[in-house]
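Me: I have a structure open and a few things to ask about it. Can we go through them one at a time?

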Amino acid sequence: MTRFAAILPEMILAFGGTVLMMVAAFAGRRGSALVSWLAVLLLLGATAALIGAPSHAGPVFDGLISSDLFASFGKAIMFPASAVAIIAAQNWFEHDHEHSSEYAVLIIFAAAGMSVMVSATSLISLYVGLELQSLAAYVLASYRRSDERSAEAGLKYFVLGALASGILLYGISLLYGFTGTTNFAGIASAFGRGAPSLGMLFGLVFLLAGIAFKASVVPFHMWTPDVYEGAPTPVTAFFASAPKVAAILLATRVCLDALAPATDAWRQIMIFAALASIFLGAIAAYGQTNIKRLLAYSSINNVGFVLIGLAGAGITGAASVLFYMAVYVPMTLGAFLCVLWMRNEKGEPLESIASLSGLSQTRPGLAAAFAVFMFSLAGIPPFFGFWAKLVVFNAALKAGLFPFAVAGILGTVVGAYYYLRIIKVMFFDEPGAPFGKVREPVQGGLIFLSALAISPLGYLLIGTLNDLSTKAAGSMF
Amino acid sequence: MVGQPVTGLPLLTILIALPLLAGALCLFVNANVARWIALVVTLLDLALGIYLWVQFDPNGAQWQFQEYQALGGGIGWALGIDGIALVLIQLTLFLMPICIGASWRSIEKRVPEYMAAFLLMEALMLGVFAAQDLFLFYVFFEAGLIPMYLIIGIWGGAERIKASYKFFLYTLLGSVLMLIAMIYMAQTADTTSIPRLMAFNFPVEAQKWLWLAFFASFAVKMPMWPVHTWLPDAHVQAPTAGSVILAGVLLKMGGYGFIRFSIPMFPDASATFVPFVFILSGVAVVYTSLVALVQNDMKKLIAYSSVAHMAFVTFGLFALNRQGIEGAMMVMLGHGLVSGALFLCVGVVYDRLHTREIARYGGLSDNMPGYALLFMVFTMASVGLPGTSNFVGEFLSLVGTYHASTWAAIVATTGIILGAAYMLLLYWRIAFGTQRNADAAAMPDLSMREWWLLAPIAFAVFWMGIYPESFLKPMRNDIGRLLVRVEHVAPKGDSLPTAGKPALTVIDAKEGHE
């Protein structure tokens with residue numbers, strides 16, 4: 001029974017999700033609010049269930065997954081983030097007469113998939129978790145069936161995602177073929193037996209390429225701006241937060257557990273990917289006029305910084321990745337919630353950056369919150385995003401990667417420009433048409449809370465987060 | 001970690017928290033209330049600062065008023081000041097109420113936010129000078145960009161957007177390199193405490209890289225030629241009070257950084273780079289003075305003169321001897337007052353005529369005698385007339401430079417001459433001559449409010465010029481400690497002063513016979 005106790009959160013999500021699907025099917029449109037709130041409760045329940053065995057049981061099911069603190073740290077970020085994505089969608093789809101019940105159910109299934117991803121210690125469970133999350137995500141991207149852009153986003157995501165899954169599977173089969181095992185520990189010992197063979201190296205490259213696609217790391221980022229722009233905003237908020245954490249944590253476990261003896265091999269890849277993501281994410285964002293597209297590039301840019309920490313390797317590297325993601329998620333969710341509130345008098349969503357002009361005069365609170373998120377994403381102190389960046393650079397320097405760290409930090413200056421542009425539009429420009437009133441106290445509260453968390457008050461959390469992330473990172477080794 | 005736990009009243013925390021809280025409060029009140037809140041709080045902070053000055057013991061421990069509260073993860077709320085920080089804190093506290101007063105009428109739109117931005121700025125500047133934790137310092141140092149960015153961008157002139165970007169990105173670029181160096185230092189020395197790092201000996205080879213990384217940040221902030229180009233734009237576009245704070249305090253952070261980090265933490269590298277700094281400073285003195293000579297815009301002229309004056313600071317600091325460093329500190333203080341006052345003087349006429357073009361004015365001594373008087377005081381101070389603050393600083397700094405390098409001293413001294421040329425020319429074109437424009441001739445003299453802004457600065461300028469001991473005394477021991485760190489590498493100098501052989505006087509001759 002203990003092994004079932006170890007996967008309690010996943011079971012809650014899987015069974016709960018199935019029941020909710022039935023509720024959604026029979027209650028119809030009227031039940032959407034009920035389903036949404038039940039889904040939020042399920043996610044919070046799964047978060048609460050992380051206490052105890054699911055965080056300390058270690059490898060279960062013959063090493064298919066590991067219920068350790070590292071996975072729990074990720075889940076404790078992802079589940080609440082998924083819940084926020086559900087809350088963000090309240091009254092969003094009703095506006096254009098869509099069903100919204102299934103939305104919450106799909107998020108639940110995606111969360112279950114992500115949960116398996118971060119726990120996976122075998123190539124098989126890795127793939128199953130990834131596909132469960134991806135399939136739910138494809139549907140979510142095209143959730144607004146009547147909207148051409150949404151359908152296009154879904155299709156694009158699906159085709160490119162399928163390609164990436166193929167690449168991933170190819171890498172998995174190569175690794176299995178050359179090491180004779182799908183188990184992370186087994187792969188690690190195979191890599192530890194001297195110089196890896198060409199087949200193993202190819203397997204490593206393809207595996208990482210597949211994961212890089214899911215985490216939208218340059219050069220596998222192409223889908224990101226289109227999907228982020230086309231998908232309904234609550235879905236974009238979801239994509240930018242929880243699945244990103246899952247993919248990054250998955251990459252961390254693969255690199256630092258399965259591929260630990262081949263650190264020199266994957267580190268070069270990470271260094272290239274990190275710098276490419278930082279600079280492309282920063283430079284490509286310059287010309288954007290759509291706020292969702294801009295935030296897509298911002299997410300690519302931020303993933304680059306996480307990879308700086310990952311390239312640092314070791315416990316410090318893993319801990320820095322966890323720390324960064326813990327700060328990144330409230331920043332990005334907060335920013336998307338602000339985007340969600342960009343609506344005209346009729347309540348229709350606005351997406352152009354120009355529509356933000358003079359927001360500080362028409363809606364000072366919203367503008368201030370948005371500014372906090374932008375400065376924090378840019379990594380400007382005193383906001384908490386700065387400390388997250390400091391932590392990843394600390395990890396890279398500890399590993400002696402000096403030129404890499406210098407190149408990376410110069411990227412923050414390049415990126416700062418476009419974040420400043422948003423501030424400029426909101427604070428310096430003359431006000432445009434005022435936004436319509438949004439009556440969503442829960443969302444407003446969430447914006448406030450996330451702004452508070454990444455304000456300088458967040459520094460009070462540094463000690464706790466540091467201890468937790470170090471402990472969580474240690475549990476993996 | 002650092003020092004002792006919090007004992008008694010956390011004076012420095014109160015000093016920082018007061019404007020911060022008042023700034024937040026300002027956002028929720030109307031324009032007039034916000035003005036009064038800002039004024040009262042800055043004055044209150046000034047009073048606290050004076051108390052701090054009185055309580056500071058110049059012969060006591062190096063670090064006083066220490067506070068420490070661990071935050072975990074290698075950062076702590078560590079505050080504490082020495083004499084050097086003390087005088088710069090006084091400068092900040094002194095200028096703030098004047099800035100608020102200068103904005104009383106000239107800022108009409110979005111006043112509560114403006115006051116909030118200024119109060120936030122004050123808190124952050126005080127934090128920079130009081131921080132004793134490496135990363136806490138960085139947070140304060142960098143966070144200051146945000147309110148200044150908003151001040152320039154929202155309340156600035158026509159080209160404000162470009163200027164605000166340039167200011168922000170330029171300074172950010174310099175600072176991020178410093179951050180990498182700081183992380184390396186924290187890892188190597190295994191502490192983030194600034195006092196401990198000041199006593200830590202880094203490997204000489206590493207020092208060079210660290211020094212360059214810090215230099216990138218402080219040289220931009222200072223600003224030194226050739227990375228000064230953000231300054232004229234920022235100064236010209238910023239509202240008057242913004243320029244005062246920029247010139248008065250923000251630029252001093254560069255010099256403070258050199259004296260707090262570069263010199264004591266990397267003494268060997270500092271000595272190695274002395275020629276480099278001297279060359280940059282020499283170019284700055286001559287080149288920016290010449291540029292200032294041909295400006296048509298008053299603010300731009302003063303901005304370029306700031307760059308030239310800051311070169312005296314870098315000359316003095318990197319002479320690495322007592323006169324040089326004390327002189328550099330005095331130039332920083334003097335320039336903070338004088339350039340601030342000059343920007344206020346520009347603001348006075350700008351508020352009346354809404355142009356900064358020098359040619360639009362002339363003969364103001366006829367219709368604005370009070371203004372012409374004060375403007376002259378500050379012009380003379382800027383030129384470095386004996387009896388004013390800048391004379392003390394510039395003289396000491398030149399003496400120090402002369403000890404280190406005679407050539408550098410010669411180049412630096414040309415700056416004094418050129419400085420006199422452009423400042424006197426400016427004063428002549430504005431205050432003397434014929435009154436060319438009727439609207440300029442019709443301007444009323446200083447109002448009571450403007451007297452209240454300028455007269456205290458004039459008083460401080462004379463105080464500093466006539467009795468500089470009040471300001472040198474708290475710094476003396478700290479500069480002595482700094483010299484101990486660098487004495488093994490201080491440049492020998494080529495001036496080789498030798499004691500003279502006095503001619504025998506009659507009495508001496510008699511004594512000789514006896």
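**A tryptophan, a helix and an interface**

Reply: Starting with one residue: B:Trp452 is partly exposed, because 13 other C-beta atoms lie within 10 Å, and a residue counts as exposed at 12 or fewer and as buried at 20 or more. Keep in mind that this is a predicted model.

Me: Which helix is B:Trp452 in?

Reply: B:Trp452 belongs to helix α21 of chain B, which covers residues 448–466.

Me: And how far apart are B:Trp452 and B:Ala328 in space?

Reply: Their C-alpha atoms are 29 Å apart, and in sequence the two residues are separated by 124 positions.

Me: Switching to chain A. What does its α21 look like?

Reply: Helix α21 of chain A runs over residues 441–454, 14 residues in total. From first C-alpha to last it reaches 20 Å, close to the 20 Å expected at 1.5 Å a residue.

Me: Which residues of α21(A) are buried?

Reply: A:Gln443, A:Ile447, A:Ser450, A:Ala451 and A:Ile454. They sit on the same side of α21(A), because the arc they cover around the axis is only 100 degrees.

Me: What covers them?

Reply: The cover includes four helices of chain A: α5 (69–88), α16 (314–340), α18 (364–378) and α19 (384–398).

Me: Which exposed residues are on the face turned away from the buried side?

Reply: On that face α21(A) carries A:Pro441, A:Val442, A:Gly445 and A:Leu449, which are exposed.

Me: Zoom out. How many helices and strands in chain A?

Reply: Chain A has 22 helices and two strands.

Me: What is its radius of gyration, against that of a compact globule?

Reply: Chain A comes out at 21 Å, and a compact globule of 477 residues would be near 23 Å, so the two agree. Along the principal axes, the C-alpha atoms fill a box of roughly 65 × 55 × 40 Å. Of the 477 residues, 63% count as buried. Among contacts with a separation of 6 or more, 79% are between residues 24 or more positions apart.

Me: Last topic, the interface. How many residues of each chain are in contact?

Reply: 26 residues of chain B are in contact with 26 residues of chain A.

Me: Which elements of chain B supply that side?

Reply: β1 (64–72), α5 (134–143), α6 (145–155) and α7 (160–189) of chain B each supply at least two residues. The largest share comes from α7(B), with 13 residues.

Me: What's the make-up by class?

Reply: The side of chain B that touches chain A has 21 nonpolar residues, four polar and one charged.

Terms used. Residues numbered from 1 in each chain as written. Chains lettered and ligands numbered in written order. Predicted model: local features only at pLDDT ≥ 70, side-chain atom pairs only at ≥ 80, totals over all residues. Contact = placed C-beta atoms within 7 Å. Nonpolar A, V, L, I, M, F, W, Y, C, P; charged D, E, K, R; others polar. Rg over C-alpha atoms; globule rule 2.2 N^0.38 Å. Expected span 1.5 Å × (residues − 1). Arc of directions from axis to C-beta.
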